[in-house]
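Trainee: I have a model open and some questions about its charged residues and its interface. Can we take them one by one?

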Number of protein chains: 2
Amino acid sequence: MAGINATFQALSDPTRREILRMLREKDLTAGEIADHFHISRPSISHHLSILKNATLVLDERKGQFIYYSLNTSVLEEVMGWFAGFIDKGGDS
Amino acid sequence: MAGINATFQALSDPTRREILRMLREKDLTAGEIADHFHISRPSISHHLSILKNATLVLDERKGQFIYYSLNTSVLEEVMGWFAGFIDKGGDS
DNA sequence: TAGATATTTAGATATTTATCTAAATATCAA
DNA sequence: TTGATATTTAGATAAATATCTAAATATCTA
């Protein structure tokens with residue numbers, strides 16, 4: 001919904017790509033994600049909101065915790081963008 | 001050589017993605033590229049240098065002109081990054 | 001060599017972005 | 001309800017980015 005531009009923008013930051021990488025393994029809470037970085041929790045929260053806006057991740061509250069998960073279909077969509085781009089079919 | 005981060009960074013700007021799209025058709029001079037945008041020539045030159053640094057484009061001087069061309073292999077590399085990412089093989 | 005054209009480099013500026021601390025919101029547990 | 005934990009929102013700030021104009025560099029042609 002946010003468009004390919006929001007997706008590329010979201011992917012342009014190494015911290016956010018690292019978050020996506022972590023979520024390949026399993027769903028994680030915002031706190032578990034934050035613990036892997038030397039960055040404040042509010043900053044990680046901000047990165048998560050950018051990833052969420054680009055629909056690269058999904059969030060679901062479970063009690064006190066909010067679990068984040070990877071939205072694989074959007075990653076496949078971006079890969080499709082590249083595939084289409086390379087063989088000239090894609091309109092980006 | 002500049003790494004995956006420079007590549008994602010380069011791809012995060014819509015003007016630069018549009019430049020890449022133009023170069024799918026055929027090689028173009030900096031001036032021809034600039035003519036397609038309402039942006040000054042120095043700004044386009046700056047975008048081109050970012051794309052060049054990410055090795056997404058190649059440049060070759062021919063007389064007064066500098067021709068830019070798409071470096072498809074790097075685009076394929078990025079696509080491979082996604083493919084590897086999705087099936088958990090990739091270390092980004 | 002001089003003048004014209006093509007492009008880049010330099011330097012300035014306004015906007016965007018990543019980050020922080022402090023405060024607010026949401027939920028749980030006693 | 002009170003206190004503790006999890007997370008986000010608000011507001012501030014420093015760094016990065018996109019853009020501009022002016023000047024420099026490279027090449028061609030007369």
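Trainee: This is a predicted model. B:R24 has no salt bridge, so which side chain of opposite charge is nearest?

Mentor: B:R24 is found in helix 2 of chain B, residues 14-25. B:R24 is buried. A salt bridge needs nitrogen and oxygen within 4 Å. The nearest side chain of opposite charge is 4.6 Å away, and that is B:E25.

Trainee: Which backbone oxygen does the side chain of B:R24 reach?

Mentor: Look across to chain A. B:R24 has no salt bridge. Its side chain does reach a backbone oxygen at 3.4 Å, that of A:F85.

Trainee: How many salt bridges are there between chain A and chain B?

Mentor: Start with the contacts. 27 residues of chain A are in contact with 27 residues of chain B. Between the chains, 4 residue pairs are in polar contact, both residues at pLDDT 80 or more. The salt bridge count between chain A and chain B is 0.

Trainee: Which three residues supply 27% of the area that chain A buries against chain B?

Mentor: The two chains bury about 2500 Å² between them. Carbon and sulfur atoms hold 68% of that. No other three residues of chain A supply more of its share than A:R24, A:F82 and A:F85.

Trainee: Which helix gives the largest share of the side of chain A that touches chain B?

Mentor: Helix 1 (3-11), helix 2 (14-25) and helix 5 (72-86) of chain A each supply at least two residues of that side. By type, the side divides into 14 nonpolar, 7 polar and 6 charged residues. The largest share is 11 residues, and it comes from helix 5 of chain A.

Trainee: Where do A:E18 and A:R21 sit relative to each other in helix 2 of chain A?

Mentor: A:E18 forms a salt bridge with A:R21, with the closest N and O atoms 2.3 Å apart. A:E18 is partly exposed because its relative accessibility is 31%. A:R21 counts as buried because its value is 16%. The two are 3 residues apart in the helix, so their separation is about one helical turn.

Trainee: Is A:D35 buried or exposed?

Mentor: A:D35 forms a salt bridge with A:R41, the closest N and O atoms being 2.6 Å apart. In chain B, B:D35 and B:R41 form a salt bridge at 2.6 Å. Both of those chain B residues are exposed. A:D35 has 55% relative accessibility, so it counts as exposed.

Trainee: How many salt bridges does the structure hold over all chains?

Mentor: One of them is A:E18 with A:R21. Between chain A and chain B the count is 0. Over all chains, the structure holds 6.

How values were computed
Residues numbered from 1 in each chain as written. Chains lettered and ligands numbered in written order. Predicted model: local features only at pLDDT ≥ 70, side-chain atom pairs only at ≥ 80, totals over all residues. Heavy atoms only, no water. Helix = DSSP H or I, 4+ residues; strand = E, 2+ residues; numbered from the N terminus. Buried < 20%, exposed > 50% of the residue type's maximum accessible area, 1.4 Å probe, protein only. Lys, Arg positive; Asp, Glu negative; His and termini not counted. Polar contact = N/O pair within 3.5 Å; in protein donor to acceptor, adjacent residues only side chain to side chain. Contact = heavy atoms within 4.5 Å. Buried area = accessible area lost by both parts, 1.4 Å probe. Nonpolar A, V, L, I, M, F, W, Y, C, P; charged D, E, K, R; others polar.
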